[in-house]
Amino acid sequence: MTAQPPEPSVRPVPSAELRASHDDRDAVVERLRDAAAEGRIDFEELDERLERALTSKTHAELAVLTADLPSLVPPESRPPLVLKGGMHGVSRGPGRWEVPGRLVAHGGMGGVKLDFTRAHCPLPEVVLEAYGEMAGVTIVVPDSWAVDTGGMDPGIGGLKDRTTSDRLPGTPLIRLTGTGGMAGVTVRHPNRWERRKLRSNPTPY
């Protein structure tokens, strides 16, 4: 019998040379936008990196775009975000911000406003402790999000829940706990003025 030539060996492809998927590119785009929101890269550089991310073909090409950025801590592992109204009040949003797994809001004398309309939240559920105290807490959520107020004590100021139950698949659920205190807690969807701002500037980053 004639000896058969050995079959050529298949060289394993290094992970860096593997082809990138749409999800891989989308993840890098999201990280770059977060970095711009954090002030780590300017908007001119953001545009340049976004263009390169959307045309990258391999993991190595994508890795270069975020190599100088710190690794993100998973939202569920981050410490709680604590907001205290104090004397002058405090707010978070409506600009882009990353939502952790737990938030605590103390209305104090000045009040707290939490606006989730432009927030990035990859978690299916978020726990929000709200204490209205003297000035109250206002919570604004997108139309597609839902809020569970079953764990909330209305206190003297009460709880005003003006949201609908039209939660879309894949969107977060806010589990609201705490107490209304003297001034109460209000949770609602964007009002007319806020919707107008969202329409005029739908993509801030």
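In which loop is P94 found? Before turning to that residue, it should be said that the model considered here is a predicted one, and that a view of the whole chain helps to place the local details.

The secondary structure of the protein comes to four helices and 10 strands, and, when the chain is read along its sequence, these elements follow the pattern α-α-α-β-β-β-β-β-β-β-β-β-β-α. Of the 205 residues, 36% count as buried, while the accessible surface of the protein comes to about 12200 Å², of which 54% belongs to carbon and sulfur atoms. Among the contacts with a separation of 6 or more, 68% are accounted for by residues 24 or more positions apart.

P94, to answer the opening question, is found in the loop between β2 (90-92) and β3 (102-106). The peptide bond that joins G93 and P94 is cis, with omega about 10°. A second backbone feature belongs to E133, a residue other than glycine whose phi has a positive value, near 50°. Both features deserve a careful look, because most residues other than glycine have a negative phi and most peptide bonds are trans. E133 lies in the loop between β5 (125-131) and β6 (137-140), and, because its relative accessibility is 31%, which falls between the limits of 20% for buried and 50% for exposed, E133 counts as partly exposed.

From the loops we can move to a strand residue, L83, whose place is in strand β1 (residues 81-84). With a relative accessibility of 7%, which is under the 20% limit, L83 counts as buried. If residues up to four places away in sequence are not counted, L83 touches V90, R92, V104, A105, H106, V112 and L114. One of these contacts can be followed in both sequence and space, since L83 and H106 are 23 residues apart in sequence, whereas their C-alpha atoms are 6.2 Å apart.

The last stop is on the surface, where D42, E44, D47, E48 and E51 form a negative patch. Which helix holds E48? E48 is found in helix α2, which covers residues 43-55, and, because its relative accessibility is 47%, a value under the limit of over 50% for exposed residues, E48 counts as partly exposed. E48 and E133 are thus both described as partly exposed, the one at 47% and the other at 31%, while L83, at 7%, counts as buried.

Technical notes. Residues are numbered from 1 along each chain as its sequence is written. This is a predicted model: local features need pLDDT of at least 70, side-chain atom pairs count only at pLDDT 80 or more; totals for chains, interfaces and linings use all residues. Side-chain values use heavy atoms; hydrogens and water are left out. Helices (H or I, at least four residues) and strands (E, at least two) are DSSP runs, numbered from the N terminus. Buried means under 20% relative accessible area, exposed over 50%, partly exposed in between (1.4 Å probe, protein chains only). Contact means heavy atoms within 4.5 Å. Patches are made of residues with over 30% relative accessible area and no salt bridge: like charges are joined within 9 Å, nonpolar side chains (Val, Leu, Ile, Met, Phe, Trp, Tyr) within 5 Å. Accessible areas come from the Shrake-Rupley method with a 1.4 Å probe; for residues, only the protein chains shown count as cover. A salt bridge is a side-chain nitrogen of Lys or Arg within 4 Å of a carboxyl oxygen of Asp or Glu. Lys and Arg count as positive and Asp and Glu as negative; His and the chain ends are not counted. The place of a charge is taken as NZ of Lys, CZ of Arg, CG of Asp or CD of Glu.
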